[in-house]
Amino acid sequence: MFSVLFEKELKSIFLSPKFVATFGVCSLLILLSVFVGIQEYKNEVDQYNTAVQLSEQQMMGESSWWGIENVVFRKPSVMQVFVSGVNNDIGRSAEISTWVEPKLENSNYSSDTLFAVFRFVDLTFIFQVVLSLFAILFTYDAINGERERGTLKLALSNAVPRAQYVLAKFAGSWVGLTVPLIIPLLVAMLMVMIFGIPMDGGDWARVLTLIGSSILYFTFFIAFGLLVSAFTKRSAVSFLVLLVAWVCLVLIVPRAATMTAGQIAPVTSVAELESQKDRFRTDRWRAYGMQRSKLWEERRTAMEGMTEQERNDYMAANRQAWDEEEATARDATMDEMNEHSRKLDEELRNEKMAQEKLAFTLSRFSPASAYKLTAMNLADTGTSLKNEYEDAMKDYRTTFTQFVETKREEDRRANRGRRGPGSNANDDEPLDLAELPRFDAPKQTYKEAVEPTIIDLGILSVFSVLAFAGAFLSFIRYDVR
Amino acid sequence: MESKNQPMLQAIDLSKRYEDGHLALDNLNLTVETGQVYAMLGGNGAGKTTAINLFLNFIEPTTGQAVVDGIVTHEEPLKAKERIAYVSENVMLYPNFTALQNVDFFVKLGGKTKYTKEDYRKVLLRVGLQEEAHDRRLKGFSKGMRQKCGIAIAILKDAKAILLDEPTSGLDPKAAFEFIHLLNTLREEGKAILMSTHDIFRAKEVADIVGIMNLGKLVMQRTKDELVGEDLEKLYVEFMAGYMDEVA
Ligand SMILES: Nc1ncnc2c1ncn2[C@@H]1O[C@H](COP(=O)(O)OP(=O)(O)OP(=O)(O)O)[C@@H](O)[C@H]1O
Ligand SMILES: [Mg+2]
């Protein structure tokens with residue numbers, strides 16, 4: 001009995017003209033999106049390589065460790081082919097210098113605004129928006145359409161258990177709509193291989209998990225369509241209800257959640273933060289200057305009554321101690337300022353994280369958000385990407401600065417007494433960058449990527465099960481006439 | 001086979017009051033034996049479809065029982081439905097399937113899986129659906145053609161009882177004539193047939209028992225023998241009118 005119903009469900013999907021059209025369009029979209037993703041990835045890799053080379057050449061062109069400037073770049077990730085996430089929105093490079101904290105700048109969209117207008121449509125977007133609509137389009141009249149057509153009456157005039165009927169409906173729609181999607185997805189994977197995108201085992205595992213999650217999300221909409229069609233008598237009504245629900249779940253809830261979180265947990269603005277830092281810096285420098293002038297005042301007092309000769313001797317004797325004292329005091333002040341700005345940054349980050357967490361929690365009422373969060377976590381192109389990079393860059397900055405400090409120290413020693421600091425012993429030779437510590441792009445392991453998605457995948461599963469259970473219960477009591 | 005004294009279809013004090021309070025069926029009692037054709041006459045809204053829906057457990061009775069082969073339908077609907085074939089007022093099938101595909105699906109749902117395509121074709125021809133239509137999609141079918149498919153499905157289910165809700169509506173005169181012939185054959189095969197119809201002449205021609213319903217009540221019931229020499233149309237009009245007077 002089940003197989004008869006199941007088979008019929010498949011047949012009616014494949015025989016319907018709207019299936020051929022919609023499926024064709026969806027397949028094309030999937031392929032196109034992955035194709036464009038691959039091209040963009042390759043472009044970015046080229047840009048990345050060029051930029052890294054240029055930066056290296058520039059460093060080599062420097063004649064001394066004193067003037068050295070380093071820029072590090074965010075490495076394109078293969079996962080951005082499928083889930084662009086915030087990849088195009090956050091910066092691609094950061095300056096590493098002794099004086100300021102590294103900050104990602106120069107995002108794709110800020111340099112190519114045209115692309116920001118016609119945003120890259122990734123696989124996640126296709127599933128989130130297009131395929132969820134596709135699922136609704138095929139299930140909105142799953143039950144009530146049969147009633148309207150009169151076929152439900154004829155079917156249930158036989159000894160057909162309703163549980164089996166609705167189960168076969170679901171299973172049939174699921175297989176009939178999901179399995180065909182596997183085809184363009186497989187072709188897309190093939191494309192990734194043919195174009196030589198360097199995917200390692202972990203990346204493939206991510207992609208497979210991503211596809212699994214996408215299908216789970218798709219499943220929810222199939223179950224949801226079934227639910228609404230089993231709750232209403234007329235397909236025109238269920239279509240409208242589903243459309244409104246879709247708009248709410250996919251478009252409104254995620255944004256409303258973000259806005260609500262913004263209201264409940266506000267975050268200090270960047271301008272405010274900068275002015276706080278500025279004020280502190282000004283205060284510290286002023287205090288430092290006053291301390292300096294006081295000190296010099298004292299030293300002058302100490303030298304009062306000395307002869308010219310005595311004074312020169314005194315100064316020569318103390319010069320090194322004074323220099324060292326000054327350097328220590330300056331370093332202390334700088335440390336203090338850095339510490340302060342680090343603390344402010346951390347506070348801001350905590351505020352942001354609290355807001356983000358709240359927004360995510362609220363938005364999870366929508367399976368569309370749960371899905372998107374899953375995808376971004378899997379691909380590591382989510383909101384944490386920026387922090388991950390900036391953390392790694394801060395660590396790198398420490399190593400880099402230490403390395404450069406040692407080099408400068410060596411220079412200083414080599415040059416002491418000959419020329420002032422700021423000149424290399426051998427001016428015309430390029431710097432030897434072989435020992436320069438390199439920046440390693442942070443990369444999550446598969447386990448790290450999957451862990452945060454468990455909650456969202458759980459939510460998606462629960463939503464799907466609830467939707468189907470609702471459809472099931474509603475159909476058991478459904479008026480077939 | 002079931003015992004002779006147990007009727008195949010039986011309505012016992014069957015009433016249905018819809019959710020809106022309308023009493024559509026008022027204490028209906030009727031019996032259809034094996035090998036009998038029972039024709040229900042009655043104006044629009046008399047309660048014929050309601051009675052048939054109760055036999056199929058599409059709706060729950062307010063009081064009373066609809067019994068099929070000794071099985072109370074609202075207690076064991078699946079068991080009861082195994083014994084019923086049904087043709088609705090307006091047979092609707094899947095527009096994207098061909099006639100054969102539709103027949104195949106519904107007959108299999110009826111639990112008959114052994115038929116071949118040739119069996120389907122034979123029955124379709126028997127109910128008057130011309131060969132060229134068998135492999136056509138239902139999309140372009142007329143009401144009568146769909147009706148023929150519905151009747152074919154019911155025949156192929158080979159159930160002990162057949163419920164027909166205005167089966168001849170939409171059939172052309174030739175098909176309607178052939179349908180009466182078909183009913184006779186089915187009766188001879190030992191089916192119990194309960195049908196609702198507006199066709200007084202055909203009812204008189206084919207039915208073993210004729211019942212007239214009005215406003216949910218069975219107001220007249222005569223056997224074929226009792227109707228010999230009677231003008232059923234006159235009776236019908238009289239009973240409807242008489243009952244109306246009574247109500248007034
Ligand atoms: N779901 C319903 N809710 C309320 N009233 C209903 C419902 N279905 C039918 N009725 C009413 O019950 C009465 C009997 O309807 P029914 O369909 O059984 O009549 P019928 O004899 O089959 O008529 P027709 O010859 O037009 O097919 C009508 O008055 C109808 O309006
Ligand atoms: Mg009717």
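This is a short talk about chain B of a predicted model, with one residue of chain A at the end.

I'll begin with chain B as a whole. It has 9 helices and 10 strands. Is the chain as compact as its length would suggest? What we can compare is the radius of gyration: for 248 residues, a compact globule would come out near 18 Å, and chain B has 18 Å, so the two agree. The C-alpha trace of chain B spans about 55 × 40 × 40 Å along its principal axes.

Next, the inside and the surface of chain B. Of its 248 residues, 55% are buried. Taking contacts between residues at least 6 apart in sequence, 67% join residues that are at least 24 apart. The accessible surface of the chain is about 10,700 Å², and carbon and sulfur atoms account for 51% of that. As for charge, chain B carries 31 positive and 36 negative charges, and the mean positions of the two sets lie 7 Å apart.

Now to two hairpins in chain B. One is made by strand E1, residues 9-17, and strand E2, residues 23-32, which pair in the antiparallel sense over 6 bridges. Within that pairing, Lys16(B) stands opposite Leu25(B) of E2(B). Which residue between these strands takes a positive phi? In this hairpin, with 5 residues between the strands, it is Gly21(B), with phi near 95°.

The other hairpin is made by strand E9, residues 209-214, and strand E10, residues 217-223, again of chain B. E9(B) and E10(B) are also antiparallel, with 6 bridges. Here Gly211(B) faces Gln221(B) in E10(B). This hairpin has 2 residues between its strands, and Leu215(B) takes a positive phi near 45°. So that positive phi falls on a leucine, while in the E1(B) and E2(B) hairpin a glycine has it.

A general remark for anyone looking at these strands on the screen: in a regular strand the side chains alternate between the two faces of the sheet.

Last, the residue in chain A. Leu473(A) sits in helix H16, residues 453-476. Is Leu473(A) buried, partly exposed or exposed? Its relative accessibility is 47%, which means that it counts as partly exposed; the cut-offs are under 20% for buried and over 50% for exposed. Leu473(A) and Arg162(A) are 311 residues apart along the chain, yet their C-alpha atoms are separated by 9.9 Å.

That is the end of the talk.

Note on methods:
Residues numbered from 1 in each chain as written. Chains lettered and ligands numbered in written order. Predicted model: local features only at pLDDT ≥ 70, side-chain atom pairs only at ≥ 80, totals over all residues. Heavy atoms only, no water. Pairing = 2+ DSSP bridges. Helix = DSSP H or I, 4+ residues; strand = E, 2+ residues; numbered from the N terminus. Rg over C-alpha atoms; globule rule 2.2 N^0.38 Å. Buried < 20%, exposed > 50% of the residue type's maximum accessible area, 1.4 Å probe, protein only. Contact = heavy atoms within 4.5 Å. Areas by Shrake-Rupley, 256 points an atom, 1.4 Å probe, with all protein chains shown as cover. Lys, Arg positive; Asp, Glu negative; His and termini not counted. Charge placed at Lys NZ, Arg CZ, Asp CG, Glu CD.
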